[in-house]
Amino acid sequence: TYSILDEPLFIILLVLLIITALLLVVFASAECAAKKKIRIETEQYRKQHEHDSDMIDQACRTFANFVDAKDPYTKGHSVRVARYAQEISRRLGFDEEQQREMYYMGLMHDSGKVAIPDSILDKQAPLTPEERKIIEKHTTCGAAMLSDFSSMPSIKDIALYHHEKYDGSGYPCGLAGAAIPLSARIVCIADSYDAMASDRCYRPKFPAAKIKSELEQCAGTQFDPSIVKIMISMIDDGFTSGVTA
């Protein structure tokens, strides 16, 4: 009687099949363990990233509050500018990380004002030419203060360039058009909008219609025209009215 079990080749193939099956089980187990480890490490990274982001946010907000506290009329200004700038960047198609950075940049745009005397910041009468030169230094002072912020190198550019104008008539460098970093063009209009929409020591806030008119008139001179359109859309759809410090 013939039996396939008597064939040496069959025995060899059977042993190889068993070894292959065992190896597949081992590999599958190792892959499952690796995926589990990756999931654990990913969750740990996510929590650490959230913690780091919270730390940065709290530090920037604290410093921004310190800057705003120098002038009671600008309380909450930096936070509102940050939120407007973040929303503009979202509507421009920035990814989430870029939007978060835009928020931090908005928070820190006026950091150089800590170096400006309160007597000038709080002055209700028009500034003299000498006083105007002093207050304009908050851009260069802010850039110098933020120069060591290596985790976000472009943040110093916001402090330096947020008063540049689209037609080149701004300060401190007289940059124009695309030569002004996009982030600075965004903060420029967010900053100007909040200034117009807030009560100041020298005048009451503007109504929405007047703000829109000012933005439209300054498109192409003070502001990037494409960003003016976005800012006006934010006014029209009620986004700006829902922003508080």
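Let's start at one small spot: setting aside neighbours within four places in sequence, alanine 219 is in contact with Pro225 and Val228. This residue lies in the loop between H9 and H10. Is alanine 219 buried, partly exposed or exposed? With a relative accessibility of 30%, alanine 219 counts as partly exposed, because buried means under 20% and exposed means over 50%. Keep in mind, as you read on, that this is a predicted model.

**The overall picture**

Now step back and look at the whole protein. Its secondary structure comes to 10 helices and 0 strands. Reading along the sequence, you meet the pattern α-α-α-α-α-α-α-α-α-α.

How does the radius of gyration of the protein set against that of a compact globule of 245 residues? For such a globule the value would be near 18 Å, but the protein has 29 Å. The C-alpha trace spans about 115 × 35 × 30 Å along its principal axes.

Of the 245 residues, 36% count as buried. The protein exposes about 14000 Å², and carbon and sulfur atoms supply 60% of that area. There are 28 positive and 34 negative charges, and their mean positions are 5 Å apart. Among contacts with a separation of 6 or more, 64% come from residues 24 or more positions apart.

**The nonpolar core**

The largest nonpolar core has 44 residues. Which residues have the most contacts inside it? They are Ile88, Met102, Leu107, Ile189 and Leu215. The elements that give two or more residues to this core are helix H1 (8-68), helix H2 (77-91), helix H3 (96-108), helix H7 (155-161), helix H8 (182-196), helix H9 (208-217) and helix H10 (225-236). H8 gives the most, with 8 residues.

Leucine 215 is a good residue to click on here. Not counting residues up to four places away in sequence, leucine 215 touches Ile189, Met196, Phe223, Val228, Met231, Ile232 and Ile235. Val228 is also among the contacts of alanine 219, our starting point.

**Helix H2 and the loop before it**

Two residues of helix H2 make a nice pair to look at. Serine 78 has its place in helix H2, and arginine 90 is found there too. Serine 78 has a relative accessibility of 1%, so it counts as buried. Leaving out residues up to four places away in sequence, serine 78 touches Ala64, Asp68, Gly106, Leu107 and His109. One of these, Leu107, is listed with the residues that have the most contacts inside the largest nonpolar core. Arginine 90, in contrast, is partly exposed, with a relative accessible area of 44%.

Glycine 76 lies in the loop between H1 and H2. Its relative accessibility is 8%, and therefore glycine 76 counts as buried.

**The loops around H8 and H9**

Proline 172 is placed in the loop between H7 and H8. What kind of peptide bond joins tyrosine 171 and proline 172? It is a cis bond, with omega at about 5°. As background, most peptide bonds are trans.

Glutamine 222 lies in the loop between H9 and H10. Its relative accessible area is 23%, so glutamine 222 is partly exposed. Apart from neighbours within four places in sequence, glutamine 222 is in contact with Glu164, Lys165, Tyr166, Cys188 and Ser192.

**Distances in sequence and in space**

Several residues from this tour can be paired with another residue, as the table shows. Each distance runs from C-alpha to C-alpha.

| Pair | Apart in sequence | Apart in space |
|---|---|---|
| Arginine 90 and arginine 100 | 10 residues | 9.7 Å |
| Glycine 76 and threonine 244 | 168 residues | 7.7 Å |
| Glutamine 222 and serine 169 | 53 residues | 7.9 Å |
| Alanine 219 and threonine 74 | 145 residues | 25 Å |

Try finding these pairs in the structure. Glycine 76 and threonine 244 are 168 residues apart along the chain, yet their C-alpha atoms are separated by 7.7 Å. Alanine 219 and threonine 74 are 145 residues apart in sequence and 25 Å apart in space.

Notes. Residues are numbered from 1 along each chain as its sequence is written. This is a predicted model: local features need pLDDT of at least 70, side-chain atom pairs count only at pLDDT 80 or more; totals for chains, interfaces and linings use all residues. Side-chain values use heavy atoms; hydrogens and water are left out. Helices (H or I, at least four residues) and strands (E, at least two) are DSSP runs, numbered from the N terminus. The radius of gyration is taken over C-alpha atoms; the globule rule is 2.2 Å times the number of residues to the power 0.38. Buried means under 20% relative accessible area, exposed over 50%, partly exposed in between (1.4 Å probe, protein chains only). Contact means heavy atoms within 4.5 Å. Accessible areas come from the Shrake-Rupley method with a 1.4 Å probe; for residues, only the protein chains shown count as cover. Lys and Arg count as positive and Asp and Glu as negative; His and the chain ends are not counted. The place of a charge is taken as NZ of Lys, CZ of Arg, CG of Asp or CD of Glu. A nonpolar core is a set of buried Ala, Val, Leu, Ile, Met, Phe, Trp, Tyr and Cys residues joined through side-chain atoms within 4.5 Å.
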